[in-house]
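Here is a short report on a two-chain model. Look over the sequence and the fold, then read on.

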Protein chains: 2
Amino acid sequence: MAISKKTIERLSLYRRLIHDLHYSNRSTIFSHELAAMAHCTPAQVRRDLMTADIKGSSSTGYDVATLTTGINAILLHGHIQKAALAGIGNLGRAILSYFPQRSPTVEITAAFDSDPSKIGRIIHGCRTYPIDDLASVVKDHAITIGIITTPREAAQAIADKMIAAGIRGILNFAPIPIRVSTGVETEHLDLTMSLEKLAYFSRRNS
Amino acid sequence: MAISKKTIERLSLYRRLIHDLHYSNRSTIFSHELAAMAHCTPAQVRRDLMTADIKGSSSTGYDVATLTTGINAILLHGHIQKAALAGIGNLGRAILSYFPQRSPTVEITAAFDSDPSKIGRIIHGCRTYPIDDLASVVKDHAITIGIITTPREAAQAIADKMIAAGIRGILNFAPIPIRVSTGVETEHLDLTMSLEKLAYFSRRNS
């Protein structure tokens with residue numbers, strides 16, 4: 001089953017919206033309600049959930065527990081994936097504090113830096129290591145995902161090290177694109193680009 | 001002149017790549033060199049720069065100073081835009097420390113929080129205010145951009161306050177989409193969604 005990137009994005013969002021429902025004691029939800037929260041159409045919600053093999057009823061909607069189980073079967077696939085973060089600056093620390101509470105499918109297991117004063121510590125529950133240990137730590141912990149929060153100059157060398165160590169997906173926060181080999185997935189979160197684009201288009205609206 | 005979002009994104013990237021060239025004492029650059037750094041085609045670079053009304057020579061390439069001036073004319077448009085950040089947690093602090101060094105076109109002028117212990121301070125050079133002062137501070141400082149780093153529950157109410165105060169562009173880091181009125185530009189940087197999408201597709205590659 002090939003699922004598109006857009007569908008995976010929305011399943012990730014639905015999971016979080018549904019998670020909130022547990023606290024409000026809702027046991028079922030209609031596609032139009034989920035669509036209103038996710039800012040898409042009810043038809044889109046139904047298509048996405050059909051892709052994920054989750055069935056609802058036209059009279060009672062979707063069962064909330066079934067939705068959670070079904071989406072987790074896709075996103076989690078039976079086990080939590082482990083991630084390594086490189087670059088323990090302000091952004092790196094914020095990421096270490098951010099994700100543990102928010103994604104049940106990925107766990108940041110190790111953080112790396114070249115600065116000796118930042119290594120051999122526990123930061124927001126994550127152990128820190130010297131960058132030279134990256135290959136061995138990635139192998140020992142079966143880490144499959146890399147998160148780059150280094151300055152621009154270091155980003156490509158870190159990406160190369162991560163890929164050589166066997167990492168197959170990189171979330172890149174450095175303000176420069178990285179080159180990766182075929183079969184490695186990357187996602188570039190270029191904060192400066194997002195802000196400058198927003199500034200340009202918001203100016204045109206005012 | 002209507003410029004596409006993708007072109008604005010690449011102009012923002014070119015500007016940063018060119019900025020680095022200043023330090024390496026390069027005075028000209030060819031489209032194929034810029035394309036290699038930006039991971040796109042030379043034809044794409046030439047089209048983008050033509051859109052930005054920047055001319056090069058086939059024998060010597062583009063003049064680096066002219067490139068900088070030309071791109072800044074588009075992105076900066078003669079003045080720095082001011083931004084307000086709401087939500088001074090770990091991510092908010094990281095954003096306050098991150099942008100001042102990286103975008104010459106946007107300046108974060110004020111930060112807001114509902115926690116009294118976080119207000120009336122200077123964090124990474126930015127003054128902090130109570131959330132109730134948002135409307136007046138936005139008006140006094142002619143702030144046009146909002147950055148939301150609050151928890152999910154607070155995001156929509158903050159977005160509504162920002163829009164009511166006259167803000168026309170919102171960069172949303174909260175893990176939930178926000179509703180905005182027509183004429184307001186938004187960019188949603190959903191870190192959890194990016195990580196979960198990456199985890200899903202990198203698993204399929206391994």
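In which sense do strand β3 and strand β4 of chain A pair, and over how many bridges? Strand β3 (residues 81–86) of chain A and strand β4 (residues 106–113) of chain A run parallel, paired over six bridges. Within this pairing, A:Ala83 stands opposite A:Ile108 of β4(A). Strands are DSSP runs of E with at least two residues, helices are runs of H or I with at least four, and both are numbered from the N terminus. Pairing requires at least two DSSP bridges between two strands.

This is a predicted model: local features need pLDDT of at least 70, side-chain atom pairs count only at pLDDT 80 or more, and totals for chains, interfaces and linings use all residues. Residues are numbered from 1 along each chain as its sequence is written, while chains are lettered from A and ligands numbered from 1 in the order in which they are written.

**Sheet and domains**

The open sheet of chain A has seven strands, in the order β5-β6-β4-β3-β7-β8-β9, with mixed pairing. β5 (122–123) and β9 of chain A are the edge strands; each has a single partner strand, so one side of each lacks a neighbour in the sheet. Helix α7 (residues 152–164) of chain A lies across β3, β7 (145–148) and β8 of chain A, at about 170° to β7(A). Angles run from 0 to 180 degrees between N-to-C directions, and axes are lines fitted to C-alpha atoms, for helices over the stretch in contact.

The domain assignment, automatic or from a database, splits chain A into domain 1 (5–75) and domain 2 (81–193). Their C-alpha centres lie 31 Å apart.

**Between the chains**

Each chain brings 50 residues to the contact. Residues are in contact if their C-beta atoms, placed from the backbone, lie within 7 Å. On the side of chain A that touches chain B, α8(A) gives the most, with 14 residues.

The axes of helix α5 (residues 90–98) of chain A and helix α5 (residues 90–98) of chain B come within 8 Å and cross at roughly 165°. α5(A) is therefore roughly antiparallel to α5(B) (angles over 145 degrees count as such).

The table sorts residues by class. Ala, Val, Leu, Ile, Met, Phe, Trp, Tyr, Cys and Pro count as nonpolar, Asp, Glu, Lys and Arg as charged, and the others, Gly among them, as polar.

| Contact | Nonpolar | Polar | Charged |
|---|---|---|---|
| α5(A) with α5(B) | six residues | four residues | two residues |
| Side of chain A that touches chain B | 22 residues | 16 residues | 12 residues |

Notes. Parallel < 35°, antiparallel > 145°, perpendicular 65-115°, else oblique. Contact = placed C-beta atoms within 7 Å.
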